[in-house]
Amino acid sequence: MRTKQWQYRVPSILASICSVGLLSLTSILSAQTPPSQAPITVDEAVKIGLKRNPQIAAGLAGVASSLATYHSLGVPAPILFGASQVQGTSTAPTLTGDSVDTIVDLSGTIDTSGQRRYQAANANATYRATHYQFFETVIALEQQIRDGYWTLAASQAQERIAQESLNEAKRVYDLTVNQEKAGASPRGDVIRSSIDVANAKQAFLTAQGATKSAQIAFNNLIAAPQGEISVLSDNLADDSKPLPKFELPSINDLNKQATQRPLIKASDEQVHAASYSVRQAEASRMPDLNLSYQRSVRQQSDAVTLSLSFPFFDFGGISHTVRAAKESRKQAEAQKTQAEQQVAQQVSQAHSDLKIAIESAASYRTEILEPSIKLLEIAKLGYQQGATGILPVIDAESTIRNARVGYIASLLAIYKAQDELQAAIGKSSVATVGKLH
């Protein structure tokens with residue numbers, strides 16, 4: 001019977017809360033935060049966020065509170081000590097029949113009905129559910145931090161591209177102005193080039209705004225000052241690098257891994273808690289043994305009282321309590337099934353998103369980005385040799401600018417899909433996330 005291993009167990013709070021999962025998290029939380037100007041990787045950003053974000057402190061406090069509640073119920077009922085001074089014309093309260101007496105007494109209750117035992121088991125299951133829910137919060141927060149990191153990296157890359165495009169547009173504009181002065185370029189080329197500079201400037205301002213918004217969101221996730229500017233180690237603007245490679249396991253392997261996700265474990269523990277609530281309600285029909293020992297200090301007389309009490313007529317109150325507990329158990333079981341379906345859906349969706357993102361990025365690189373680079377080279381060569389005007393160069397620059405921005409978006413989709421898949425199967429930087437002994 002599962003309850004027996006919890007009956008009257010009194011482990012220390014620190015010993016229990018420092019399980020393998022929480023020890024792994026503690027090692028992350030104690031990591032040194034790199035300086036704000038030092039480049040940080042995505043894993044370092046996760047460590048900083050898990051150390052600073054108030055969600056973690058709140059979650060740990062909730063786990064500790066739930067564990068303390070279990071400890072308060074996992075011990076025998078307290079033994080009560082009392083002392084009474086009796087004085088008056090009535091001898092009823094005394095042990096010896098005297099009108100004056102001093103009485104000390106000890107009293108306690110033995111859990112013969114099992115109510116307290118089941119209540120402690122309920123509290124233990126609730127603690128375990130809270131523990132797993134905390135690690136589910138860790139997984140969700142880590143996904144948000146990783147997504148925020150890659151969003152900021154993509155925004156910074158797009159800002160760099162916009163800046164480079166603006167500089168290139170200005171260079172071409174200066175070139176057309178000089179050629180017009182020399183009589184080698186028509187006035188229309190100068191006007192068309194100036195419009196391209198204005199468009200590039202607007203794109204740069206838009207990219208700057210997107211970067212600032214991404215920085216604000218990222219700082220909020222890692223609980224950094226809003227004025228802090230993060231320097232990321234990943235540069236998505238460098239399109240000379242090959243595509244990142246990801247191993248994509250089969251959907252069946254992913255579903256097997258997802259069975260250990262904290263969300264499912266928390267739902268399972270909630271079912272256990274509801275089952276113990278039913279047993280506790282049913283046990284309220286059984287009596288508890290009450291013991292009381294009294295001793296007269298004056299006359300050295302003793303009295304021992306044993307009593308059993310149980311509901312004789314409850315007028316349906318206990319029956320309705322049991323029924324309510326059983327319905328709550330049905331609700332917990334349905335929520336567990338719903339959680340399993342939700343996880344399976346998330347795994348399937350994340351698998352599909354990552355597969356499509358990888359294929360899309362590979363196709364984008366070979367079919368759009370690389371041809372756009374060649375197109376710009378051809379347009380510049382033709383313009384330098386006088387074979388074409390400035391319009392093919394401007395169009396080629398616009399094409400390469402859009403291609404590079406689109407390629408960064410496709411990379412961002414890959415990284416976010418990877419984060420989505422890790423969260424769906426319950427994978428985290430905390431090595432044994434959700435593991436509880």
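Trainee: By class, how many nonpolar, polar and charged residues does the lining of the largest cavity have?

Mentor: This is a predicted model, where local features need pLDDT of at least 70, side-chain atom pairs count only at pLDDT 80 or more, and totals for chains, interfaces and linings use all residues. Residues are numbered from 1 along each chain as its sequence is written, and side-chain values use heavy atoms, without hydrogens and water. Ile139, Glu142, Gln143, Arg146, Asp419, Gln422, Ala423 and Lys427 form the lining. With Asp, Glu, Lys and Arg as charged, Ala, Val, Leu, Ile, Met, Phe, Trp, Tyr, Cys and Pro as nonpolar and the others, Gly among them, as polar, the lining has two nonpolar, two polar and four charged residues.

Trainee: What volume does the largest cavity have?

Mentor: A cavity is a set of points on a 1 Å grid over the protein atoms alone where a 1.4 Å probe fits but cannot get out, with lining residues having an atom within 4 Å of a point. The count comes to one cavity of 30 Å³ or more. For the largest cavity, the volume, meaning the space filled by probe spheres set on the points, is about 50 Å³.

Trainee: Which helix gives the largest share of that lining?

Mentor: Helices here are DSSP runs (H or I, at least four residues), numbered from the N terminus. Helix 5 (115-181) and helix 10 are the elements that give two or more residues to the lining of the largest cavity. The largest share, four residues, comes from helix 5.

Trainee: How are helix 5 and helix 6 oriented, roughly parallel or roughly antiparallel?

Mentor: Their axes, lines fitted to C-alpha atoms over the stretch in contact, come within 8 Å. They cross at roughly 160°, on a scale from 0 to 180 degrees between N-to-C directions. Angles under 35 degrees count as roughly parallel and those over 145 as roughly antiparallel. That makes the pair roughly antiparallel.

Trainee: Helix 6 also packs with helix 10, so how are those two oriented, roughly parallel or roughly antiparallel?

Mentor: Helix 6 (residues 187-221) and helix 10 (residues 390-424) have axes 10 Å apart. The angle between them is about 15°. Helix 6 and helix 10 are therefore roughly parallel.

Trainee: Which helix 6 residues meet helix 10?

Mentor: Contact means heavy atoms within 4.5 Å. On the helix 10 side are Ile390, Leu391, Ile394, Asp395, Glu397 and Arg401. From helix 6 come Asp189, Arg192, Ser193, Asp196 and Ala200.

Definitions and conventions:
Parallel < 35°, antiparallel > 145°, perpendicular 65-115°, else oblique. 1 Å grid on protein atoms, 1.4 Å probe; cavity = no way out; pocket = protein on both sides within 12 Å on 5 of 7 lines; lining within 4 Å.
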